[in-house]
Amino acid sequence: MNSSTSATPGATPGTASRTSPSATPGTTTAITNIAALVTNDPSLGDGSPLGLIRDAAVVIDGDRVVWTGESSKAPATDNRVDAGGRAVIPGFVDSHSHLVFAGDRTEEFNARMSGRAYSAGGIRTTVAATRAATDAALEANLTRHLAEALRQGTTTFETKSGYGLTVEDESRALHIAAAHTDEVTYLGAHIVSPDYAEDPAAYVALVTGEMLDACAPYARWIDVFCEKGAFDGDQARAILTAGKAKGLHPRVHANQLTYGPGVQLAVELDAASADHCTHLTDADVDALAGGSTVATLLPGAEFSTRAEWPDARRLLDAGVTVALSTDCNPGSSYTSSVPFCVALAVRDMGMTPDEALWSATAGGARALRRDDVGRLSPGAHADLAVLDAPSHVHLAYRPGVPLVTEVWRRGVRVA
């Protein structure tokens, strides 16, 4: 027996029905009357990379998408939800964040906006606050930021350690993170611990030895900040190679502040992503274009530090796969808003609205080497955001406006 819940005829997008069907296998839900559905499947709809279907519907069975197409052709289902002529996009995949921390760095930000340049050393302030925090306080801060991100359409996220820099503090950070996501990254190599300021080699030995042993059970990924003031190329290679030997796959903070070896190292080690990619040589771009490493761009960092913008256009024109993420952290990019980053990428990094949305959804999925998120086509998880607008272009067209009006995760409306 089908039940139908729909908006009042002629209602505006903001008055569409808001139901929360259970994501139970065998229970089907059709979201119909979608003005524009972004599937990120070029075999669907208009054949573009976005696989755009107009006047569309999407059918969910349990936690998966099982059908997409024109709304008038939607099959019968147990539940029916009227999108009210709004756009539907895949849930954002935020593949780079630092959410296990305590305190903030308001004073540093204020000083930087008054003329002080950002450097990697600012991380030490957060390290001190994080070490002093209880597990309960760290988890409460993490869940607060996750809820904030979810309301803005983020349904998949990666997060890192990196603000403990001791065996105990790094492992507890990852243990806390692993309770909330499968995409957990060991970043003991964020900076050299203040405790080892006079002996960086000893800290690298700790990161690749006892600390790695304690952290590997909770993580999928290993990351390193390969940058002047953090870790050089040789140190970064040793750290990532040790992680690979423990079954962790590499990611790299690469070429954010200066030209350096990070991008080349990422491609050499088949890292899933090279993140930041602000200062690139032609050889760096060629390496990314010829490999499987995704260039993850983090415009919130450039916005918050008044730094040079990454040249997304250069990367895209060279055939590099690009992801967009928030880099949410208390020091250099304290935003959880992927829509904000989409708007920045379009305005200041040379991306089209279509490219920016793809990079924030399917691109993020590729940076996590996932094919079950970042798209809305049969077989994918039913993770989606409903926009209070007729088109995804409004994400860049109306920057700063809270356009995400509904979020569905694994087939259930959660925001």
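**Exercise 1.** How do the residues of the lining of the second largest cavity divide into nonpolar, polar and charged?

*Solution.* Let us start with the ground rules. This is a predicted model, in which local features need pLDDT of at least 70 and side-chain atom pairs count only at pLDDT 80 or more, while totals for chains, interfaces and linings use all residues. Residues are numbered from 1 along each chain as its sequence is written, and side-chain values use heavy atoms, with hydrogens and water left out.

Step 1: find the lining. A cavity is a set of points on a 1 Å grid over the protein atoms alone where a 1.4 Å probe fits but cannot get out, and lining residues have an atom within 4 Å of a point. Here the lining consists of Asp94, Ser97, Leu99, His145, Ala149, Thr154, Phe157, Thr326, Cys328 and Ser336.

Step 2: sort by class. Ala, Val, Leu, Ile, Met, Phe, Trp, Tyr, Cys and Pro count as nonpolar, Asp, Glu, Lys and Arg as charged, and the others, Gly among them, as polar. The result is 4 nonpolar, 5 polar and 1 charged.

Step 3: add the volume. This cavity has about 50 Å³, a volume being the space filled by probe spheres set on grid points that are joined across faces, edges and corners.

**Exercise 2.** Describe the largest pocket and name the elements that help to line it.

*Solution.* Step 1: a pocket is an open set of points with protein on both sides within 12 Å along at least five of seven lines. The volume of the largest pocket is about 310 Å³. Closest to its centre, among 15 lining residues, are Thr155, Thr156, Phe157, His180 and Arg409.

Step 2: at least two lining residues come from each of α3 (135-151) and β6 (154-157). Helices (H or I, at least four residues) and strands (E, at least two) are DSSP runs, numbered from the N terminus. α3 and β6 also each supply at least two residues to the lining of the second largest cavity.

**Exercise 3.** Work out how α3 is placed against α4.

*Solution.* Step 1: the axes of α3 and α4 (residues 167-178) come within 10 Å and cross at roughly 45°. Axes are lines fitted to C-alpha atoms, for helices over the stretch in contact, with angles from 0 to 180 degrees between N-to-C directions.

Step 2: α3 is therefore oblique to α4, as angles under 35 degrees count as roughly parallel, over 145 as roughly antiparallel, 65 to 115 as roughly perpendicular and the rest as oblique.

Step 3: contact means heavy atoms within 4.5 Å. Asp135, Leu138, Glu139 and Leu142 of α3 meet Arg172, Ile176 and Ala177 of α4, giving 4 nonpolar, no polar and 3 charged residues.
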